[in-house]
Amino acid sequence: MNCVIAILFCLILRPIAVEVSMGIIITKQDEEKHNVTPESSSNACYHCGEDCGTVPITLHEKLFCCNGCRMVYEILSASNASEYYRFEQHPGLKSVDNAVEKKYAYLDNDEICRDLLEFSEDGVSKIKLFIPAIHCSSCIWLLENLQRLNAGVMHSTVNFVKKEVVITFRDTELSLRQLVELLVSINYIPQLTLESMQKGAKRKVNRGIYYRLGVAGFCFGNIMLFSFPSYLSVNDAVENLLRQNFGLLNILFGIPVAFYSGSVFIVAAYKGLKKRFISIDVPIAAGILVLFFRSAYEIISGTGHGFMDSLGGLVFFLSIGRWYQDKTYQALSFERDYRSYFPVAVTILSDAGVESIIPIKKLKPGMRILVRNQELVPADALLVSGEGSIDYSFVSGESSPVSKKEGDRIFAGGRQVGASIELLVEREVAQSHLTELWNQDMMGAEKQTSWDTILDVISRYFTLMILVLSTVSGIFWWLHDPSQTFLVVTAILIVACPCALAMTYPFSLGGAMRVFGRNSFYLKRTGVVENLSKVDTIVFDKTGTITRNDGLGADFSQLSASQEQLHMVSSLVRHSTHPASVAVYRQLQGFTALPVSGFAEIPARGIQGTVNGHQLKIGSETFVCGTSGTAVSGRVYISVDNVLLGFVGVSNRYRDGMKEVLSELSQRYELHLLSGDNDAELENLLSFFPSRDHLNFNKSPKEKLEYIRSLKASGRKVLMIGDGLNDAGALRESDCGISIADDVYHFSPACDAILESGQFRHLPDFLRFSRTAMRIVFLSIALSFAYNVVGLSFAITGNLSPVVSAILMPLSSVTIVGFVTLSVFISARFSRLDVKS
Amino acid sequence: MSVILVLVAFSVLLAGGFLAAFFWSVRNGQYDDTYSSSVRILFDDDKPKDPAPPVATPASPMTEHTPNQ
């Protein structure tokens with residue numbers, strides 16, 4: 001009988017685990033990308049499913065939107081891997097232009113390889129790569145059939161939940177660099193950062209909860225069977241023999257339940273008490289211990305049947321709650337530091353000018369390094385040669401690139417935009433300005449919120465109440481019938497064990513967290529829902545948070561140009577990588593490129609060139625008009641043959657729905673803006689934010705942190721929303737820090753929650769739903785108290801029999817979980833959030 | 001009646017075996033990634049016979065979308 005239960009248990013637990021973990025990874029974004037409706041499929045790219053436009057590329061009677069997609073298809077079909085397209089429609093991701101050539105050259109360096117590889121022996125190597133692009137069953141198939149693409153691959157296994165693939169390969173046939181380039185060529189780009197080289201620091205899977213859950217479930221099932229005879233009140237010799245032996249077996253099964261599965265709660269209660277803190281674990285631990293010892297005493301002394309069945313149920317249900325609560329988004333990281341932002345290797349130049357590649361940790365002051373277009377400056381350095389145009393938007397919040405001349409100092413973390421530059425390293429990576437910001441003391445300490453959770457508050461009063469109640473009734477019974485005292489006091493502790501209460505919190509907030517997850521808003525732990533609900537002040541960062549990260553917007557209203565002139569402008573600006581040029585070019589798409597002669601880009605001034613025999617100048621007022629008036633930032637002047645056509649206004653683009661979001665939020669919350677950028681957009685922002693006093697510009701990361709601290713000191717509960725490294729301190733200091741990101745799997749600073757930028761408009765809905773979730777918590781707490789009152793009335797009157805306890809405990813837990821899950825689901829349905837994606 | 005006790009002992013032993021199997025599966029990492037294996041089992045082991053580009057066959061068991069929580 002009991003083995004049947006064990007089988008069923010094993011069979012049931014795994015599908016549940018499957019079910020629950022499902023939504024962890026598949027983000028809504030992925031879904032949208034791949035949910036191509038059949039109607040559009042006539043013109044949809046065979047590879048990625050995007051619209052192919054008017055001139056699709058055709059191959060084998062299939063349409064492709066770009067050469068990137070066609071190439072991936074060719075590689076796959078040439079290697080017998082075109083089954084890839086059978087599992088999902090349009091499984092690919094649109095290829096981003098990736099100049100591969102030299103990008104991965106550093107993987108030829110033995111030292112770097114050694115650090116990246118899991119092991120390498122006798123020509124066989126094994127590596128674990130994090131590939132954010134993994135999103136569907138086709139991905140799994142392809143990545144596990146890499147040997148079809150290259151015979152050097154021996155074996156590969158995908159971990160879908162973590163978006164990781166473990167590849168074993170023969171390094172004599174296939175070098176690490178070739179392997180990575182192979183993955184890049186089929187658009188599965190592995191993320192290689194300094195963090196992936198930290199051995200031992202890799203996240204460990206915590207499987208303890210499964211073991212504890214398994215043990216508790218196994219013992220619970222068996223105890224229930226062995227307790228069954230005691231529920232029937234037949235009294236003959238045989239039955240009594242069975243009861244005795246079964247009782248002993250129950251003690252045997254009770255030991256692992258109480259002291260292995262239940263140890264978490266006992267240890268947590270002990271730790272809390274040592275810090276003079278009464279958590280919900282205290283009455284639970286008391287309940288577990290009293291249940292076990294009283295039952296053991298009853299069974300051994302033959303005075304009763306004991307409550308082992310209740311003990312098994314209690315610990316089993318509590319473990320389920322723990323498991324549900326501890327669910328985390330494994331592919332996301334909420335604890336990133338600078339190591340996951342920095343690259344693995346850096347190109348250094350010898351005195352003779354010969355390039356070589358070294359691991360970044362070997363970088364020493366005094367070395368000369370080469371930083372190419374779009375590469376990161378890894379350490380504080382002096383500019384030796386080249387024109388620096390450094391994009392600090394992620395580090396300091398400044399929106400436009402800073403131009404640097406030879407001899408200027410460049411801080412680590414900036415990204416070079418434009419031609420390669422040579423730098424002289426001044427400080428080691430770990431001591432640079434940026435990393436020191438991370439290493440400040442407050443970064444290391446575990447974040448403490450300024451308030452206790454609702455559960456802490458309630459359990460404090462609850463525990464006190466139980467203590468008083470058991471003392472009073474203990475004294476009462478001592479006076480009336482001393483033999484009953486022990487029984488009544490233990491019965492109170494047993495029945496008051498707040499199992500149902502302990503289940504409300506993980507299940508309601510865990511449910512809310514999953515609703516958020518389906519809407520691409522990922523919380524670090526369930527407790528963050530409560531923090532969100534209590535917030536009364538919201539502080540926004542500007543660059544990248546309320547403005548968009550994907551380039552500037554261009555306004556052509558001040559420009560009077562003919563179509564032909566626009567055509568020429570378009571042809572010229574496409575040669576420049578300056579953000580303003582990119583913004584102008586984006587608005588002028590659809591023109592075919594005309595040949596440009598004499599193109600020149602003068603950093604911090606503008607670009608010029610000859611198109612169709614006309615001389616074009618595009619850039620600052622000084623550059624284009626020759627006047628030396630005060631430069632107005634955000635204006636790009638254009639002249640053709642020295643005739644001024646006007647200017648294009650270039651500015652940050654705000655996120656979609658920002659006005660609605662801010663006006664909705666301002667009704668309930670106090671809004672602040674905290675920007676590292678200048679106040680060029682003050683006028684615009686004044687119309688969004690209610691008060692000028694709350695708009696702060698030119699704030700350093702440290703000042704941001706101080707600002708949050710002073711808000712908290714004045715009693716406000718602060719939600720900080722930011723995106724960059726410069727917000728890291730403020731995110732940490734705030735009561736709840738949300739980091740906003742275009743791609744949640746890429747770098748974002750340490751925070752409590754990660755919001756996908758497309759979902760910014762749902763921010764008010766998220767906050768509202770967090771308050772709904774808390775209301776559900778309150779309701780279910782009231783419900784569980786009702787159960788406790790019923791149970792206590794049995795206990796105080798001395799009528800608590802094992803059967804009553806065995807029925808009451810699971811009944812209360814199951815109804816509470818049912819109530820909570822159902823109400824979270826229903827209220828999510830009535831909110832503006834997606835219940836299912 | 002002691003036969004029942006013998007049977008109970010055996011059944012506990014057997015159930016313990018299943019518990020051990022459960023432990024093994026956890027240790028083996030089967031609970032780390034509960035999605036891939038559900039898909040992996042549907043892949044064909046054999047190499048495709050026809051190297052030519054395949055006809056897009058929608059009638060695959062996996063055209064359904066990856067379930068989402």
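This is a short tour of a predicted model, stop by stop, for following along in your viewer.

**Stop 1: colour by domain**

Start by giving each domain of chain A its own colour. Domain 1 covers 2–87, domain 2 covers 105–192 and domain 3 covers 204–327. Domain 4 is written in two pieces, 342–375 and 380–426. Domain 5 is also in two pieces, 509–549 and 655–770, while domain 6 spans 553–651. For a sense of scale, put a marker on the C-alpha centres of domain 2 and domain 3 of chain A: they are 46 Å apart.

**Stop 2: helices H8 and H12**

Now select residues 208–231 of chain A, helix H8, together with residues 308–325, helix H12. How do their axes cross? They come within 8 Å, at an angle of roughly 155°. Because that angle is over 145 degrees, H8(A) is roughly antiparallel to H12(A). The crossing itself is left-handed.

Show side chains next. On the H8(A) side, the contact residues include A:Ile209, A:Leu213, A:Ala216, A:Phe220, A:Ile223 and A:Met224. From H12(A), look for A:Gly312, A:Gly313, A:Val315, A:Phe316, A:Ile320 and A:Trp323, among others. Colouring this contact by residue class gives 12 nonpolar, five polar and three charged.

**Stop 3: from H12 to H28**

Keep H12(A) on screen and add residues 802–830 of chain A, which form helix H28. Here the axes come within 9 Å and cross at roughly 15°. With an angle under 35 degrees, H12(A) therefore counts as roughly parallel to H28(A). This crossing, too, is left-handed.

Which residues meet here? H12(A) brings A:Asp309, A:Ser310, A:Gly313, A:Leu314 and A:Phe317. H28(A) answers with A:Pro802, A:Ser805, A:Ala806, A:Met809, A:Pro810 and A:Ser813. Sorted by class, the contact has six nonpolar, four polar and one charged residues. Two names should look familiar: A:Asp309 and A:Gly313 take part in the contact with H8(A) and in the one with H28(A).

**Stop 4: an open sheet of three strands**

Move to chain A strands E11, E12 and E14. In what order do they lie? The open sheet runs E12-E11-E14, with antiparallel pairing. Select 402–404 for E12 and 415–416 for E14: these stand at the edges with a single partner strand each, so one side of each has no neighbour in the sheet. Strand E11, residues 388–391, is joined to E14(A) by two bridges. To find the register, centre on A:Asp391, whose bridge partner in E14(A) is A:Arg415.

**Stop 5: strand E10 and its partners**

Next select residues 381–385 of chain A, strand E10. E10 is linked by two bridges to strand E13, residues 409–410, in the antiparallel sense. A:Ala381 stands opposite A:Ile410 in E13(A). E10(A) also pairs with strand E15, residues 421–425, this time over four bridges and again antiparallel. In that pairing A:Ser385 faces A:Glu422 of E15(A).

**Stop 6: strand E28 and its partners**

Finish at residues 753–756 of chain A, strand E28, which pairs with strand E16, residues 521–523, over three antiparallel bridges. Strand E27, residues 736–741, is joined to E28(A) by four bridges, and these two run parallel. Which residue of E28(A) stands opposite A:Phe521? Centre your view on A:Leu755. A:Leu755 is also the bridge partner of A:Ile740.

Technical notes: Residues numbered from 1 in each chain as written. Chains lettered and ligands numbered in written order. Predicted model: local features only at pLDDT ≥ 70, side-chain atom pairs only at ≥ 80, totals over all residues. Axes fitted to C-alpha atoms, helices over the stretch in contact; angles between N-to-C directions. Parallel < 35°, antiparallel > 145°, perpendicular 65-115°, else oblique. Left-handed = near helix turned anticlockwise from the far one by under 90°. Contact = placed C-beta atoms within 7 Å. Nonpolar A, V, L, I, M, F, W, Y, C, P; charged D, E, K, R; others polar. Pairing = 2+ DSSP bridges. Domains from an automatic or database assignment.
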